Amino acid sequence: MRIHGLNAVLAVFRHRPADLRKLYLAEERIPALKALLKWCVANRVGYRVVPEEDLRKLAASAHHEGVVADVRRVEPASLETWLAALPEGPACLLWLDGVGNPHNLGAILRSAAHFGVGAILLPAGSELGLSGAAARVAEGGAEAVPMVRLPAASLAMEALRAAG
């Protein structure tokens, strides 16, 4: 998966650096990404300083903020798996319905991370998932809030009620 945006790339580096595969950056981003570049050298992860036009093509967007990264995609957890790992106590969850725009998903993830939401619940059959655009708009929130793929609505409600 290809993500872009300074905060999105730095969040991947903070939370799951082993998932970084390759980094592309503008020369002016070198000072802001010094720690990441040092890690890339130490862990044999390739990086390239490229011109603006290449970054625009790699990100498929003019809003790349001077950095693009190839990262391993993290698939949403199943509800059963997520509930099994859930710590005791209350949890605030957001069940999305009818959201299809990646920019809207990114904004939701950013707000959810700020307010400490425990997970974003994705409806069964929905094509919604993390993309480069959603990660950029989320400003790092995509790494802070897990996404959970739900089974059919009736089964999901039953499982959530049973979990309290």
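Let's start with a cysteine: Cys92 is partly exposed, with a relative accessible area of 46%. Cys40, by contrast, is buried, at 1%. Keep in mind that this is a predicted model. Its four strands form an open sheet, and the points below walk you through that sheet before returning to the cysteines.

**The sheet as a whole**
- Reading across the sheet, the strand order is S1-S4-S2-S3, with mixed pairing.
- Strand S1 (2-4) and strand S3 (46-49) are the edge strands; each has a single partner strand, so one side of each lacks a neighbour in the sheet.
- From one strand to the next, the twist averages 20°.
- As background, strands of a sheet pair through backbone hydrogen bonds, either parallel or antiparallel.

**Who pairs with whom**
- S1 and S4 run antiparallel and are joined by three bridges; Arg2 stands opposite Asp70 in S4.
- S2 and S4 are also antiparallel, with five bridges between them; Leu25 has Val67 in S4 as its bridge partner.
- Strand S2 (residues 20-25) pairs with S3 in the parallel sense, over four bridges, and Tyr24 stands opposite Arg48 in S3.

**A covered strand and a helix**
- Strand S4 (residues 67-71) is mostly covered, as five of its five residues are buried.
- Val67, Ala69 and Val71 point one way from S4, while Val68 and Asp70 point the other way.
- Helix H2 (residues 34-42) lies across S2 and S3 and runs at about 130° to S2.

**Back to the cysteines**
- A disulfide is a covalent bond between the sulfur atoms of two cysteines.
- With a cut-off of 2.5 Å between cysteine sulfur atoms, the count here is zero disulfides.

Methods: Residues are numbered from 1 along each chain as its sequence is written. This is a predicted model: local features need pLDDT of at least 70, side-chain atom pairs count only at pLDDT 80 or more; totals for chains, interfaces and linings use all residues. Side-chain values use heavy atoms; hydrogens and water are left out. Two strands pair if DSSP finds at least two bridges between them. Helices (H or I, at least four residues) and strands (E, at least two) are DSSP runs, numbered from the N terminus. Axes are lines fitted to C-alpha atoms, for helices over the stretch in contact, and angles run from 0 to 180 degrees between N-to-C directions. Contact means heavy atoms within 4.5 Å. Buried means under 20% relative accessible area, exposed over 50%, partly exposed in between (1.4 Å probe, protein chains only).
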